[in-house]
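Student: I would like to learn how to read charge pairs and pockets in a model. Can we take them in turn?
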Amino acid sequence: MNSKTLLYILKRIGLAVLTVWVVITVTFFVMHSIPGGPFMGEKAVAPATQAALEAKFGLDKSKFEQYTTYLKDIVVNHDFGPSLKQRGRTVSAIITDGMKTSAKLGLTAAFAALALGVVLGSFAALMRNRIPDKIIMVITTAFVSMPSFIMGSLLLVLFAIKLAVLPANGATTQGLILPVITLALYPMAYITRLTRSSMLDVLGQDYIRTAKAKGVSKSKIIFGHALKNSLIPVITYFGPMLAYIVTGSLVVEQIFAVPGIGRAFVNSITNRDYPLIMGCTIVLACLIVVMNLVSDILYKVVDPRINLE
């Protein structure tokens with residue numbers, strides 16, 4: 001690793017830390033500026049009891065004092081604090097439990113989407129303007145245009161209710177099949193179109209024509225030159241997409257009752273569970289900035305001609 005690459009990585013790490021800090025700050029103050037509180041919805045809570053609860057969790061202090069205390073806890077103590085609603089449980093434990101399911105669900109969906117998308121996109125590019133290409137483009141356009149909550153609902157009704165071949169509850173391993181399909185369809189369709197477009201552009205380059213003129217085999221041209229160079233935009237998309245899917249689609253996890261971090265995030269917002277909202281937001285932000293950094297570094301691996309600046 002040369003000095004320029006190292007400097008680039010250090011600069012990106014610094015920007016990543018700054019980005020996460022901005023996300024923490026904005027989320028914290030916006031969340032606390034909304035009228036109400038985590039104990040307002042609890043039935044028959046006396047003012048004295050509510051005041052005691054707020055004092056116990058430090059909510060009686062000024063917003064700036066709460067903010068500095070929270071930053072100190074996550075930076076120095078690596079502690080997201082206790083959940084305000086799930087009594088006796090810490091935010092870290094809730095996120096860890098949710099990530100076990102969300103990671104399994106998200107990684108399976110992401111890599112299935114990547115594999116199918118690259119294969120279908122390459123095949124469509126090689127069969128340009130023929131019937132297979134047109135069929136693939138029609139299907140992927142439909143998947144890209146259809147929101148995940150509609151696709152999830154359709155799959156739920158068809159396979160869980162009408163055919164009764166798969167469970168509707170995502171709490172079991174078999175129950176993750178429908179959520180995986182739902183999460184994978186959109187990115188698979190997008191990667192297919194991205195790969196097709198990129199490969200068509202690469203196949204029209206001068207060095208491909210030169211390789212053909214020199215008698216290089218078709219398989220070597222496709223797999224050794226065209227496919228490798230056409231993956232750069234796919235890598236650009238795959239990094240953030242992986243972070244998004246791994247953290248769990250909020251809608252998909254709600255539809256299939258998947259006990260992942262996405263569902264925990266939705267419930268935390270509904271219940272005004274401040275520490276859990278912050279914890280989920282920080283995890284999501286960190287995953288996105290890390291995957292963006294990894295994607296940028298992978299550019300250099302896939303195409304050595306790219307200069308990291």
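Student: How many salt bridges does a search of the whole structure find?

Tutor: Side chains of opposite charge can pair when their charged atoms come close. In this predicted model, the search of the whole structure finds two salt bridges. One joins the side chains of R89 and D97, at 2.6 Å from N to O. The other pairs D133 with R196, with 2.8 Å between the closest N and O atoms. That second pair links distant parts of the chain: D133 sits in helix α5 and R196 in helix α7, 63 residues apart.

Student: Are D133 and R196 buried or exposed?

Tutor: Both D133 and R196 are buried. Now take the other bridge. D97 has a relative accessible area of 39%, so it counts as partly exposed. R89, at 30%, is partly exposed too.

Student: Next, pockets. Which residues lie nearest the centre of the largest pocket?

Tutor: Start with the space, then the lining. The largest pocket holds about 390 Å³. Its lining has 20 residues, with F57, T69, Y70, D73 and P275 nearest the centre. Helices α1, α3 and α13 each give two or more residues to that lining. α3 gives the most, with four.

Student: What is the make-up of each lining, by nonpolar, polar and charged residues?

Tutor: The largest pocket has 11 nonpolar, five polar and four charged lining residues. The second largest pocket has 13 nonpolar, three polar and no charged. This second pocket holds about 240 Å³. α7 gives the most to its lining, with five residues. Residues nearest its centre include Y186 and Y244.

Definitions and conventions: Residues are numbered from 1 along each chain as its sequence is written. This is a predicted model: local features need pLDDT of at least 70, side-chain atom pairs count only at pLDDT 80 or more; totals for chains, interfaces and linings use all residues. Side-chain values use heavy atoms; hydrogens and water are left out. A salt bridge is a side-chain nitrogen of Lys or Arg within 4 Å of a carboxyl oxygen of Asp or Glu. Buried means under 20% relative accessible area, exposed over 50%, partly exposed in between (1.4 Å probe, protein chains only). On a 1 Å grid over the protein atoms alone, a cavity is a set of points where a 1.4 Å probe fits but cannot get out, and a pocket is an open set with protein on both sides within 12 Å along at least five of seven lines; lining residues have an atom within 4 Å of a point. Grid points are joined across faces, edges and corners, and a volume is the space filled by probe spheres set on the points. Ala, Val, Leu, Ile, Met, Phe, Trp, Tyr, Cys and Pro count as nonpolar, Asp, Glu, Lys and Arg as charged, and the others, Gly among them, as polar.
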